[in-house]
Amino acid sequence: MELDELRELLPEYTIESLLGEGAMGSVYKAVWQPHQKTVALKVLHENASEKTVQRFLREIRAGVNLVHPNIVRIYDGGADDLCYCTMQYIRGKTLGQLLESQSASLPFLVNVLRKIAEALHYAHGQGFIHRDVKPENILLDTSGRAFLADFGCAKDPENDPRVTELGAVVGTPDYMAPEQALGRQALLGPATDIFALGGILYEILTGRPPFARASMIKVLKAIVKEPPTPPTQVKPDTPQELEKICLCALRKRIPDRYPSASEMARDLKHWLEGDPLPVASAALIELVEAAKETPQTAAPPSPSSRAPATESQEVRMARAARASLRKISEEIPIPKTDSPGFFHRVRAWFKRLFAS
Ligand SMILES: Nc1ncnc2c1ncn2[C@@H]1O[C@H](COP(=O)(O)OP(=O)(O)OP(=O)(O)O)[C@@H](O)[C@H]1O
Ligand SMILES: [Mg+2]
């Protein structure tokens, strides 16, 4: 859309410049005149379907209530003559740009991811799943503070162009979880965002996403079927604890990933502070490492067949707990919505089993 036409349709806004373009639309820097506030104005492509517009509006209305120091605020939105939303303007760069410049230190980047994990945990508690966590949706202001963008503006889960239009260049599936790549919408939940955090951590550690392949379809296949090459094999000086955290988040099976984004954030904080991982995390991660990567449909090997001879008591306890957990989680009916209730129940069971 021409700038003049846009200015005519949105007289409350003085549009200053184009900030960038994505799969859904264009983002402009603008001044919201009645509030004398500089904002980022996202305008959807004119060809957006009625369903996409309705969903966009619905999510903007809900997203207005997400208030967190590391989440871009959504202020307003509408869909009269054109479909738009206004957001907090972040002067700075995206994490994608920062990673490309290779100018940031590892602790800085890990701290950014930790903050984003905390923000996601807050949003999950409010019933939101982001579904499109990626370096381009993480904005860093000039003081280095991290913000997660596009809550409420994420792509339509039932019509995700990354899956349905494989030939088109519309965003990246690089950080997509297996359940997204398979189109299993009923399984999307906090673990879907946790997988994406694992993908970003992988890129921070190695300089490339975990399933970098020559084509989009190959990326999707690798996400579902292939284990990621351990970061230490790509970059031998990768800190081992970060590799463990990363691979735990990138597990194919939902119950094998971190039970919550806050637990991943906590482990990243431990690494930043030079502390060893907490016993529960170390046991979960060690257990997960011991398990051979299995495709989504394969039955997990029996606990005894996987037990290494030298495992600690904590690991044995965790292994037994996890075996029971897996059995229980298979018996719990999976909700048909995006509700995070399933994961909370699984987590509660896990805690109970651990405590006993
Ligand atoms: N709140 C904001 N403040 C400042 N700049 C922003 C803001 N939101 C987006 N941008 C800029 O606009 C660009 C385009 O954003 P947009 O969300 O449309 O696309 P994307 O996230 O890169 O891709 P996709 O459409 O696949 O989500 C971003 O890369 C960023 O540079
Ligand atoms: Mg975006």
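These are short questions and replies about a predicted model.

Me: Why is tyrosine 13 called partly exposed?
Reply: Tyrosine 13 has 19 other C-beta atoms within 10 Å. A buried residue needs 20 or more, and an exposed one has 12 or fewer. The value 19 lies in between, so tyrosine 13 is partly exposed.

Me: What makes Leu41 a contact of tyrosine 13?
Reply: The cut-off is 7 Å between C-beta atoms, placed from the backbone. Tyrosine 13 touches Leu41, so their C-beta atoms lie within 7 Å. Tyrosine 13 also touches Ala30, Val31, Trp32 and Gln33, leaving out residues up to four places away in sequence.

Me: Where does tyrosine 13 sit?
Reply: Tyrosine 13 is in strand E1, residues 13–21. Its C-alpha atom is 9.5 Å from that of glutamine 36, and the two are 23 residues apart along the chain.

Me: How do you know that Leu201 is buried?
Reply: Leu201 belongs to the largest nonpolar core, which has 74 residues. Members of such a core are buried by definition, so Leu201 has 20 or more other C-beta atoms within 10 Å.

Me: Which residues does leucine 201 contact?
Reply: Beyond four places in sequence, leucine 201 contacts Leu113, Leu242, Ile245, Cys246 and Ala249.

Me: What supplies the largest share of the 74-residue core?
Reply: Helix H7, residues 190–206, gives ten residues to this core. At least three come from each of domain 1 (3–88) and domain 2 (92–290).

Me: How many helices and strands are in the protein chain?
Reply: The chain has 15 helices and eight strands. Of its 356 residues, 40% are buried.

Conventions. Residues numbered from 1 in each chain as written. Chains lettered and ligands numbered in written order. Predicted model: local features only at pLDDT ≥ 70, side-chain atom pairs only at ≥ 80, totals over all residues. Helix = DSSP H or I, 4+ residues; strand = E, 2+ residues; numbered from the N terminus. Core = buried A, V, L, I, M, F, W, Y, C linked by C-beta atoms within 7 Å. Domains from an automatic or database assignment. Contact = placed C-beta atoms within 7 Å.
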